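Me: Please take a close look at one part of this model and then set it in its surroundings. Which residues line the second largest cavity?

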Amino acid sequence: MPLSAIERQYAVQRLLARYAQALDADDLEAWPDFFVDSGRYRILTAENLEHGLPLALAQADSRAMLRDRVAALRHANIYEAQRYRHLVSSTVVEVVDEEVSQEVVRAVSNFMVARIMHDGATMLFATGRYLDRIALGATVDAARFEERLVVLDSSRIDTLLAIPL
Amino acid sequence: MPLSAIERQYAVQRLLARYAQALDADDLEAWPDFFVDSGRYRILTAENLEHGLPLALAQADSRAMLRDRVAALRHANIYEAQRYRHLVSSTVVEVVDEEVSQEVVRAVSNFMVARIMHDGATMLFATGRYLDRIALGATVDAARFEERLVVLDSSRIDTLLAIPL
Amino acid sequence: MPLSAIERQYAVQRLLARYAQALDADDLEAWPDFFVDSGRYRILTAENLEHGLPLALAQADSRAMLRDRVAALRHANIYEAQRYRHLVSSTVVEVVDEEVSQEVVRAVSNFMVARIMHDGATMLFATGRYLDRIALGATVDAARFEERLVVLDSSRIDTLLAIPL
């Protein structure tokens with residue numbers, strides 16, 4: 001029985017919500033498991049994307065590469081100096097190819113991320129769009145990212161590379 | 001068959017999401033098409049609204065006026081100097097008159113808009129509420145605004161008038 | 001007939017949305033009515049929670065205590081000097097005990113609150129998580145908080161105690 005538009009929306013938003021919660025809880029080890037084995041992850045700037053220069057600030061082409069990334073982050077981040085808080089909204093879901101499958105969808109969402117420093121100072125850290133391709137599964141929590149492009153509005157990227165977004 | 005509350009919520013949130021995505025993508029030409037022909041658009045401050053002085057900072061009473069507004073913005077904005085990012089949440093939907101129709105609804109939502117300057121500096125630009133009256137259609141993407149009141153929390157309005165919200 | 005996952009999600013998000021709207025409209029008198037009679041409310045810092053020191057910055061153990069709190073706030077806040085705007089996203093809902101009941105759920109959400117001063121200056125005021133236990137009711141708007149833990153990301157708490165979050 002094909003999923004209805006509302007069921008797809010629910011499955012997508014739940015995946016996005018669980019992803020955001022995991023990152024904000026510093027549960028980086030769970031991060032690769034939101035992707036399929038061959039999942040692609042990119043951080044880009046909007047300016048680069050628009051100029052046809054898809055130079056990624058960070059990239060991974062498989063879940064294994066994401067796991068390596070987590071290990072590197074754990075090694076580097078000796079001190080947990082700050083927290084992050086993701087807000088996500090305005091998720092628009094479209095079926096990629098209605099005839100082939102109703103279970104692979106594209107989703108576009110807006111996000112803001114706040115950074116909270118150890119001394120309590122809070123700042124708006126990053127804003128942008130998520131451009132996702134998602135494989136829905138047999139159950140709601142089986143949904144996984146085939147691709148997640150994180151498109152940053154700002155081109156100030158100095159500190160953005162340190163963490164998953 | 002009347003729409004269920006969940007179907008109405010889905011249709012409203014999808015309209016709001018597509019609207020936010022269009023503005024943030026600088027797709028101003030699509031903006032008027034989110035309204036019915038006689039659609040009303042207002043930007044007000046919360047202070048003005050509460051004091052019964054509904055002086056609009058910006059207003060349009062038809063889709064044609066919205067199109068004129070877009071043309072003026074395109075003429076004035078020679079340089080695309082900044083980006084905007086809308087976050088919308090907490091949408092509460094109510095049927096206007098259950099007996100007459102279940103297809104015209106009021107929706108109240110909260111929003112924040114970030115502005116990202118050309119040099120990458122990011123700031124919290126505007127916050128407020130959307131007070132919407134929406135005509136749902138035969139299909140989900142046929143939903144249109146009959147009225148959208150943008151109620152700004154702040155009365156600092158100098159730079160707010162330049163763009164649709 | 002048990003509620004479906006989508007119906008539970010809808011009921012939870014509507015409760016959270018109505019709560020946010022009420023606070024932002026300064027409708028504090030409505031605040032206790034979002035809780036059951038024995039409803040618990042706590043504001044904690046993430047740091048305290050993680051270190052097993054659940055010292056609440058604010059707490060109430062019943063709707064009656066919440067009403068007292070509102071009365072105190074009304075007495076103290078002679079001047080309405082600022083506005084607040086809540087954004088809530090990424091709500092993940094889980095049934096507490098599938099076998100006993102599908103009508104008591106836990107929900108985790110992310111939030112940001114902006115503060116808008118009387119002179120119009122707008123700042124990011126607080127970020128964090130809501131950890132909620134919610135009793136769903138016979139109708140959607142009968143849902144009530146059995147417990148709401150507001151977990152602040154920042155430990156700078158000087159001005160956070162003045163208002164409900």
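Reply: In this predicted model, the second largest cavity is lined by Trp31(B), Tyr41(B), Ala58(B), Gln59(B), Ala60(B), Leu66(B) and Arg69(B). Two elements of chain B, β2 (58–60) and α3 (63–76), each give two or more residues to this lining. The largest share, three residues, comes from β2(B). By class, the lining divides into five nonpolar residues, one polar and one charged. The volume of this second largest cavity is about 40 Å³.

Some terms need their limits. A cavity is a set of points, on a 1 Å grid over the protein atoms alone, where a 1.4 Å probe fits but cannot get out, and a lining residue has an atom within 4 Å of a point. Points are joined across faces, edges and corners, and a volume is the space filled by probe spheres set on them. Nonpolar covers Ala, Val, Leu, Ile, Met, Phe, Trp, Tyr, Cys and Pro; charged covers Asp, Glu, Lys and Arg; the others, Gly among them, are polar. Helices (H or I, at least four residues) and strands (E, at least two) are DSSP runs numbered from the N terminus.

Residues are numbered from 1 along each chain as its sequence is written, while chains are lettered from A and ligands numbered from 1 in the order in which they are written. As the model is predicted, local features need pLDDT of at least 70, side-chain atom pairs count only at pLDDT 80 or more, and totals for chains, interfaces and linings use all residues; side-chain values use heavy atoms, with hydrogens and water left out.

The structure holds two cavities of 30 Å³ or more. The largest cavity contains about 800 Å³ of space. Its lining comprises 33 residues, and Gln9(A), Gln13(A), Gln13(B), Gln9(C) and Gln13(C) lie nearest the centre of the largest cavity. In each of chains A, B and C, α1 and β3 supply at least two residues apiece to this lining. The lining of the largest cavity has 15 nonpolar, 15 polar and three charged residues.

The arrangement of the chains comes next. A turn of 120° with a shift of 0.0 Å along the axis lays chain C on chain B with an RMSD of 0.0 Å (least squares on C-alpha atoms of residues with pLDDT of at least 70 in both copies). These two copies are thus related as by a three-fold rotation axis. Within chain C, Ser89(C) comes closest to the rotation axis, its C-alpha lying at 3.9 Å.

Ser90(B) belongs to strand β3 (residues 82–97) of chain B. Its phi is near 60°, a positive value in a residue other than glycine. Ser90(B) counts as buried at 10% relative accessibility (buried is under 20% relative accessible area, exposed over 50% and partly exposed in between, with a 1.4 Å probe and protein chains only). Asp26(A), also not a glycine, has a positive phi of about 60°. Asp26(A) lies in the loop between α1 (5–24) and β1 (35–45) of chain A, and at 31% relative accessibility it is partly exposed.

Charged pairs form a further group. Across all chains there are 48 salt bridges (a side-chain nitrogen of Lys or Arg within 4 Å of a carboxyl oxygen of Asp or Glu). One of them joins Arg63(A) and Asp37(A) at 2.3 Å, N to O. Arg63(A) sits in helix α3 (residues 63–76) of chain A and Asp37(A) in strand β1, 26 residues apart. Arg63(A) is buried, at 18%, whereas Asp37(A) is exposed, at 55%. In chain C, Asp141(C) pairs with Arg18(C), the closest N and O atoms being 3.7 Å apart. That salt bridge links the loop between β5 (122–135) and β6 (144–152) of chain C to helix α1, 123 residues apart. Salt bridges that share partners also join Arg14(A), Arg18(A), Asp141(A) and Glu94(C) into one network.

In chain A, strands β3 (residues 82–97) and β4 (residues 101–117) run antiparallel and are joined by 13 bridges (strands pair if DSSP finds at least two bridges between them). Here His86(A) has Val113(A) as its bridge partner, and a hairpin connects β3(A) to β4(A) through three residues. β4(A) also pairs with β5 (residues 122–135) of chain A, in the antiparallel sense, over 13 bridges. Ala107(A) has Asp132(A) as its bridge partner in β5(A).

Notes. 1 Å grid on protein atoms, 1.4 Å probe; cavity = no way out; pocket = protein on both sides within 12 Å on 5 of 7 lines; lining within 4 Å.
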